[in-house]
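Here is a walk through one protein chain, from its interior to its loops and surface. Keep the sequence and the 3D view side by side while reading.

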Amino acid sequence: MMSEKFQVVNECNKPNELIDFFSLYQSLKRRILDRSTSIVNNFFDIGKCLYEIETKQLYVLEDYSNIYEFAKDHFNFESTSVKNMINVYLKYKSENSDYV
């Protein structure tokens, strides 16, 4: 890891380039953090929606026999993904939450 750090520093010809690299690095880290928060929130919310569709068997409104067929057809979600999203929702939902 340290040798990689020195490689980036050694590739810089001027102090300003090192500052530019560091600025870019910080900016990219912030973007990843911002987007990962959205991913978690979306994953949780999709799990909640799928859970409600499954528990209320709303998928039968379009003649699907289960949540997995519904999710595959509408969103191209594999059954494992559907199970994971529902399980994340069930694990982390709060009993006093508006999500319930």
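Gln 57 is found in the loop between α2 and α3. This is a predicted model, and the backbone at Gln 57 has a phi near 50°, a positive value in a residue other than glycine. Most residues other than glycine have a negative phi. Gln 57 is partly exposed, because its relative accessible area is 46%.

Leu 58 also lies in the loop between α2 and α3. With a relative accessible area of 39%, Leu 58 counts as partly exposed. Together with Val 60 and Leu 61, Leu 58 forms a nonpolar patch on the surface, and the accessible area of these residues adds up to about 290 Å².

Nonpolar side chains in soluble globular proteins tend to be buried together. In this model, the largest nonpolar core has ten residues: Leu 50, Ile 53, Tyr 59, Tyr 64, Ile 67, Phe 70, Ala 71, Val 82, Met 85 and Ile 86. The elements that supply two or more residues to this core are α2 (15-55), α3 (67-75) and α4 (79-92).

Tyr 64, one of the core residues, can be followed further through its contacts. Apart from neighbours within four places in sequence, Tyr 64 is in contact with Tyr 59, Glu 69, Phe 70, Asp 73 and His 74. Among these partners, Tyr 59 and Phe 70 belong to the core as well.

The next loop to visit is the one between α3 and α4, where Asn 76 is found. Asn 76 is not a glycine, yet its phi is positive, at about 60°. Asn 76 is exposed, because its relative accessible area is 53% and exposed means over 50%.

Methods: Residues numbered from 1 in each chain as written. Predicted model: local features only at pLDDT ≥ 70, side-chain atom pairs only at ≥ 80, totals over all residues. Heavy atoms only, no water. Core = buried A, V, L, I, M, F, W, Y, C linked by side-chain atoms within 4.5 Å. Buried < 20%, exposed > 50% of the residue type's maximum accessible area, 1.4 Å probe, protein only. Helix = DSSP H or I, 4+ residues; strand = E, 2+ residues; numbered from the N terminus. Contact = heavy atoms within 4.5 Å. Patch = residues over 30% accessible without salt bridge, like charges linked within 9 Å, V, L, I, M, F, W, Y side chains within 5 Å. Areas by Shrake-Rupley, 256 points an atom, 1.4 Å probe, with all protein chains shown as cover. Salt bridge = Lys/Arg side-chain N within 4 Å of Asp/Glu carboxyl O.
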